[in-house]
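Me: I am in my first year and still learning to read structures like this one. Could you take a close look at a single part for me, the salt bridges within helices, and walk me through them slowly?

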Amino acid sequence: MESGSAEHTVSTDRFEQQVGAGDRFQFGENWQRFLAVLNEERLAEAERSLREMLRAPSLVGKSFLDVGSGSGLFSLAAVRLGASAVHSIDFDPTSVACTREVKRRLEPSAEDWTIERGNVLDDAEMAALGQWDIVYAWGVLHHTGDMRTAMENVAPLVAPTGRLFISIYNDQGLKSRLWRRVKQVFNTLPAALRGPFVVAVMAPFELRAAFTYSLAMNPLGYVRLWTEYKRSRGMSRWHDLVDWVGGYPFEVAKPEAVFGLYRDLGFRLSSLQTVGGGLGCNQFVFERDPERA
């Protein structure tokens with residue numbers, strides 16, 4: 001997994017081939033643009049979301065593995081929450097660069113924060129990572145092209161008393177299949193047309209949201225969707241929309257399917273936040289079931 005290894009070169013070639021064929025969205029390019037709006041308020045909200053779902057005031061004394069670090073925001077949040085060690089991996093080389101840039105800017109002295117390129121579908125790479133107190137994979141595993149294998153591969157990374165925090169796109173049946181087609185189209189478009197395509201696709205949803213807030217006599221509520229951070233885990237609404245329209249490969253799962261898979265792998269549910277059967281990601285925190293250890 002070192003930058004000069006043959007494995008790294010092969011992996012990079014495969015990534016570039018997938019992007020060139022329109023089979024993979026370049027998440028890293030989107031998060032690279034997000035760095036321009038990353039600030040302390042967004043970081044504070046990312047920290048809050050981690051504390052809330054993990055039901056912990058801090059991560060002091062806990063090791064944290066960020067599978068699919070993206071912008072690096074949540075690796076940084078883990079560092080700020082006192083994690084004893086943070087390790088960030090991502091398949092997208094630009095996402096790796098983003099995470100390194102976030103560290104350089106905001107936590108250059110964090111010696112226990114390490115960053116490298118990695119592929120969650122590579123059994124040997126994952127086995128070499130060892131075990132961690134917190135394994136975090138938010139909005140990642142369903143974009144690998146083999147969600148089930150990715151979900152299975154993160155399970156052994158969780159320490160005996162550790163926790164697994166993941167989010168998986170909710171299965172909406174036909175709607176999900178239509179969204180998959182939208183994402184495929186996005187990734188075949190020239191770069192100049194992708195922004196306008198996002199606007200065209202999401203405009204009806206944004207107009208509906210604005211209308212709903214207006215009916216509730218709260219027009220500023222819609223404005224706050226774009227200006228506040230609490231509804232977006234510290235992320236940017238625009239960058240999230242681009243991520244949503246472009247995010248491909250794309251797989252989905254019903255909550256009960258996620259429960260069943262991890263139950264069979266020896267886990268039990270600790271925390272859950274769903275989208276109520278709608279659009280978006282269901283969030284799960286699992287811990288190892290001591291009765292099945």
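Reply: What follows is a walk through some of the charged pairs, with a short look at one helix packing afterwards. Please keep in mind that this is a predicted model, and that the values below are computed from it.

As general background, side chains of opposite charge can pair when their charged atoms come close. The structure holds 10 salt bridges, and a good place to begin is helix H3, which covers residues 40–54. There, glutamate 45 forms a salt bridge with arginine 48, and the closest N and O atoms of this pair are 2.4 Å apart. Both residues lie in H3 with a spacing of three residues, about one turn of the helix. Their surroundings can be described through relative accessibility: glutamate 45, at 6%, counts as buried because the cut-off for that word is under 20%, whereas arginine 48 has a relative accessible area of 23% and is partly exposed.

Arginine 48 also meets the side chain of glutamate 52 in a salt bridge, with a distance of 2.7 Å from N to O. Glutamate 52 and arginine 48 are four residues apart in helix H3, so about one helical turn separates them. At 45% relative accessibility, glutamate 52 counts as partly exposed.

A further pair is found in helix H5, which spans residues 93–106. Here the side chains of glutamate 101 and arginine 104 meet in a salt bridge, again described by an N to O distance, which is 2.7 Å. Because glutamate 101 and arginine 104 are three residues apart in H5, they are separated by about one helical turn. Glutamate 101 is partly exposed, with a relative accessible area of 22%, while arginine 104, at 53% relative accessibility, counts as exposed.

Salt bridges can also be joined to one another, and in this model Glu40, Arg80 and Glu107 are linked in a network of them.

Finally, charged residues also appear where helix H2 (residues 27–34) packs against helix H11 (residues 237–246), with axes 10 Å apart and an angle of about 175 degrees. The two helices are therefore roughly antiparallel to each other. H2 contributes Phe27, Asn30, Trp31, Arg33 and Phe34 to the contact, and H11 contributes His239, Asp240, Val242 and Asp243. Sorted by character, the residues of this contact divide into four nonpolar, two polar and three charged.

Conventions
Residues are numbered from 1 along each chain as its sequence is written. This is a predicted model: local features need pLDDT of at least 70, side-chain atom pairs count only at pLDDT 80 or more; totals for chains, interfaces and linings use all residues. Side-chain values use heavy atoms; hydrogens and water are left out. Axes are lines fitted to C-alpha atoms, for helices over the stretch in contact, and angles run from 0 to 180 degrees between N-to-C directions. Angles under 35 degrees count as roughly parallel, over 145 as roughly antiparallel, 65 to 115 as roughly perpendicular and the rest as oblique. Contact means heavy atoms within 4.5 Å. Ala, Val, Leu, Ile, Met, Phe, Trp, Tyr, Cys and Pro count as nonpolar, Asp, Glu, Lys and Arg as charged, and the others, Gly among them, as polar. A salt bridge is a side-chain nitrogen of Lys or Arg within 4 Å of a carboxyl oxygen of Asp or Glu. Buried means under 20% relative accessible area, exposed over 50%, partly exposed in between (1.4 Å probe, protein chains only).
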